[in-house]
Amino acid sequence: MNRGIPSNCGCGGEIRTFTSSTQENPGRPFYRCETRGEDHLFKWVEEAVLEEVEDVLPKIAVHEIEIAKMKADIEDLMEVALNNKVEIQKNKVMIKTLMVYSLFVSAAFVVYVLY
Ligand SMILES: [Zn+2]
């Protein structure tokens with residue numbers, strides 16, 4: 001039998017939700033195939049929900065680990081980005097300095113050639 005909340009019966013029949021009115025289980029909700037019978041699905045709702053929770057808990061734990069790894073990756077990338085930003089700023093200053101320097105050298109050369 002499939003775990004969790006059933007979507008359909010093995011016979012292909014639709015699953016409906018009912019409420020028990022027996023003396024042993026008064027008011028207890030259950031899933032049942034639209035076709036009654038021993039070969040058709042019957043499942044208490046709370047058992048199905050418990051199975052859903054049991055099955056999803058390990059997945060949540062895995063997701064938590066993955067999220068923690070992603071957070072660490074993001075922090076690393078932020079650091080790289082910050083370093084790159086500083087490097088770009090340094091290079092901009094260097095380029096400006098070299099441009100000014102080359103301008104002076106050119107001017108000096110022109111003055112030297114002309115006079
Ligand atoms: Zn069925």
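**Exercise 1. Which residue is the bridge partner of Thr17 in strand 2? Use the answer to work out how the strands are joined.**

Step 1. This is a predicted model, so let us start with its pairing. In strand 2, Thr17 has Tyr31 as its bridge partner.

Step 2. Now look at the pair of strands around that bridge. Strand 1 covers residues 15-19 and strand 2 covers residues 29-33; they run antiparallel and are joined by five bridges. Phe18 belongs to this pairing too, standing opposite Phe30 in strand 2.

Step 3. Follow Tyr31 onward. Its bridge partner in strand 3 is Lys43. Strand 3, residues 42-44, runs antiparallel to strand 2, and three bridges join the two.

Step 4. Check how covered strand 1 is. Among its five residues, the count of buried ones is zero.

**Exercise 2. Find what Pro6 touches, and decide whether Pro6 is buried, exposed or partly exposed.**

Step 1. Locate the residue: Pro6 sits in the segment before strand 1.

Step 2. List its contacts, leaving out residues up to four places away in sequence. They are Ile15, Tyr31, Leu41, Lys43 and Ala48.

Step 3. Take one of these contacts, Tyr31, and compare sequence with space. Pro6 and Tyr31 are 25 residues apart in sequence, while their C-alpha atoms are 7.7 Å apart.

Step 4. Count the neighbours. Pro6 has 17 other C-beta atoms within 10 Å. A buried residue needs 20 or more and an exposed one has 12 or fewer, so Pro6 is partly exposed.

**Exercise 3. Test whether the span of helix 1 agrees with its number of residues.**

Step 1. Helix 1 takes in residues 45-114, which is 70 residues.

Step 2. At 1.5 Å a residue, helix 1 should span 104 Å.

Step 3. The end C-alpha atoms of helix 1 are 98 Å apart, which agrees with that expectation.

Step 4. Look for a bend along the way. Helix 1 has a kink of about 25° at Val56, shortly before the proline Pro58.

Step 5. Ask about cover as well. Helix 1 is hardly covered, with a count of zero buried residues among its 70.

**Exercise 4. Compare the make-up of two stretches named in the UniProt record.**

Step 1. The unreviewed UniProt entry places "domain: GRF-type" at residues 9-48. This span is 10% helix and 32% strand, and its end C-alpha atoms lie 14 Å apart.

Step 2. The unreviewed entry also places "transmembrane region" at residues 93-114. Here the chain is 100% helix and 0% strand, with 32 Å between the end C-alpha atoms.

**Exercise 5. Describe the chain as a whole, from its elements to its overall dimensions.**

Step 1. Count the elements: the chain has one helix and three strands. From the N terminus on, their order is β-β-β-α.

Step 2. Take the box that the C-alpha atoms fill along the principal axes. It comes to roughly 115 × 25 × 20 Å.

Step 3. Set the chain against a compact globule. For 115 residues, such a globule would have a radius of gyration near 13 Å, but this chain has 36 Å.

Step 4. Finish with burial and contacts. Buried residues make up 2% of the 115 residues. Of the contacts between residues at least 6 apart in sequence, 37% join residues at least 24 apart.

Key. Residues numbered from 1 in each chain as written. Predicted model: local features only at pLDDT ≥ 70, side-chain atom pairs only at ≥ 80, totals over all residues. Pairing = 2+ DSSP bridges. Helix = DSSP H or I, 4+ residues; strand = E, 2+ residues; numbered from the N terminus. UniProt positions renumbered as here; feature names shortened; annotations may be inferred. Contact = placed C-beta atoms within 7 Å. Expected span 1.5 Å × (residues − 1). Bend = angle between axes of the 7 residues up to and from the residue. Rg over C-alpha atoms; globule rule 2.2 N^0.38 Å.
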